[in-house]
Amino acid sequence: MQTTQYLAEIIKELSRSVDLISDDEAEKLVNGILESKKVFVAGAGRSGFMAKSFAMRMMHMGIDAYVIGETVTPNFEKDDILIIGSGSGETKSLVSMVKKAKSIGGKIAAVTIFPESTIGQFADITIKLPGSPKDQSESDYKTIQPMGSLFEQTLLLFYDAVILRFMEKKGLDTNKMYGRHANLE
């Protein structure tokens, strides 16, 4: 198969994923962000990169959004929300963060393949995304892509869709957001 044929198949997989995501769950996440004082995001590996891009867009919208583990991240408080992107929902470092945030009294949102996972069970808001975990032998969802690629791609696009929904609810457009874009580079 040619590279562009693989790309076409990846896009088909992503397109099929859309129908498997609950609008009600997604709307709960948008509202959770709206109701929170600060938003914190985390993920491990590639899911962490998707979380960073999500935090960046939220910052462009004027939301106090932070990535767990960065040197400029403030303390998590009871009026805040922690959004965890984890395919398995079992990543030890993320489970530890969730337990700590829960003990502080903040809200937890889990975006995962497995809502019944440890992180999913602690979450106040759970969004199930389709995909296969890194070990694809445990999955009914078939993909041509390696490891958790389909989940990670779906996660990025889902986060971008959440941004669009938030923009709609707050009456924002790209020109208003661009004013918050980095300008010293």
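## An aromatic pair to start with

Let's begin at Tyr159, which is buried, with a relative accessible area of just 1%. Its sequence neighbour Phe158 is also buried, at 7%. The rings of Phe158 and Tyr159 have their centres 6.3 Å apart and their planes at 45°, so this pair counts as tilted. Please keep in mind while reading that the model is predicted.

## The other rings

Searching the whole structure turns up four aromatic pairs. Another of them joins Phe40 and Tyr66: the ring centres are 5.6 Å apart and the planes meet at 35°, so this pair is tilted too. Here the partners come from distant parts of the chain, with Phe40 in strand 1 (residues 39-43) and Tyr66 in strand 2 (residues 65-67), 26 residues apart.

Are these two rings buried or exposed? Phe40 has 0% relative accessibility and therefore counts as buried. Tyr66 has a relative accessible area of 21%, so it is partly exposed; the cut-off for buried is under 20%. Phe76 joins in as well, since ring pairs link Phe40, Tyr66 and Phe76 into a cluster.

## Strand 4 and its neighbours

Strand 4 (residues 107-112) is a good place to look next. It is mostly covered, as five of its six residues are buried. On one hand, strand 4 pairs with strand 3 (residues 81-85) in the parallel sense, over five bridges. Within that pairing, Lys107 of strand 4 stands opposite Ile81. To get from strand 3 to strand 4, the chain passes through helix 4 (residues 92-104), and this β-α-β crossover is right-handed.

On the other hand, strand 4 also pairs with strand 5 (residues 125-128), again in the parallel sense, over four bridges. If you would like a residue pair to locate this pairing, try Thr112, whose bridge partner in strand 5 is Lys128.

## Ser117 in its loop

Thr112 also leads to Ser117, as it is one of the residues that Ser117 touches; the others are Ser88, Gly89 and Glu90, leaving aside residues up to four places away in sequence. Ser117 sits in the loop between strand 4 and helix 5 (118-122). Despite this loop position, Ser117 is buried, with a relative accessible area of 3%.

Which backbone oxygens does the side chain of Ser117 reach? One belongs to Phe114, at 2.7 Å. The other belongs to Gly89, at 3.5 Å. Gly89 therefore appears twice in this small picture, as a contact within 4.5 Å and as a polar partner through its backbone oxygen.

## Two nonpolar cores

In soluble globular proteins, nonpolar side chains tend to be buried together. In this model, the largest nonpolar core holds 31 residues, and Ile33, Met58 and Ile83 touch the most other members. Which elements give two or more residues to this core? They are helix 2 (23-35), strand 1, helix 3 (46-60), strand 2, strand 3, strand 4, strand 5 and helix 6 (149-170). Helix 6 gives the most, with eight residues.

Met58 is a handy residue to display when exploring this core. Not counting residues up to four places away in sequence, Met58 touches Ile33, Val39, Val41, Ile63, Ala65 and Ile163. There is also a second, separate core of 13 residues, which includes Phe40, Ala101, Ile108 and Ala123. Phe40 thus brings us back to the rings, as a member of the cluster with Tyr66 and Phe76.

Notes
Residues numbered from 1 in each chain as written. Predicted model: local features only at pLDDT ≥ 70, side-chain atom pairs only at ≥ 80, totals over all residues. Heavy atoms only, no water. Buried < 20%, exposed > 50% of the residue type's maximum accessible area, 1.4 Å probe, protein only. Pairing = 2+ DSSP bridges. Right-handed = clockwise from strand over helix to strand, strands pointing away. Phe/Tyr/Trp six-rings, centres within 6.5 Å; stacked < 30°, edge-to-face > 60°. Polar contact = N/O pair within 3.5 Å; in protein donor to acceptor, adjacent residues only side chain to side chain. Core = buried A, V, L, I, M, F, W, Y, C linked by side-chain atoms within 4.5 Å.
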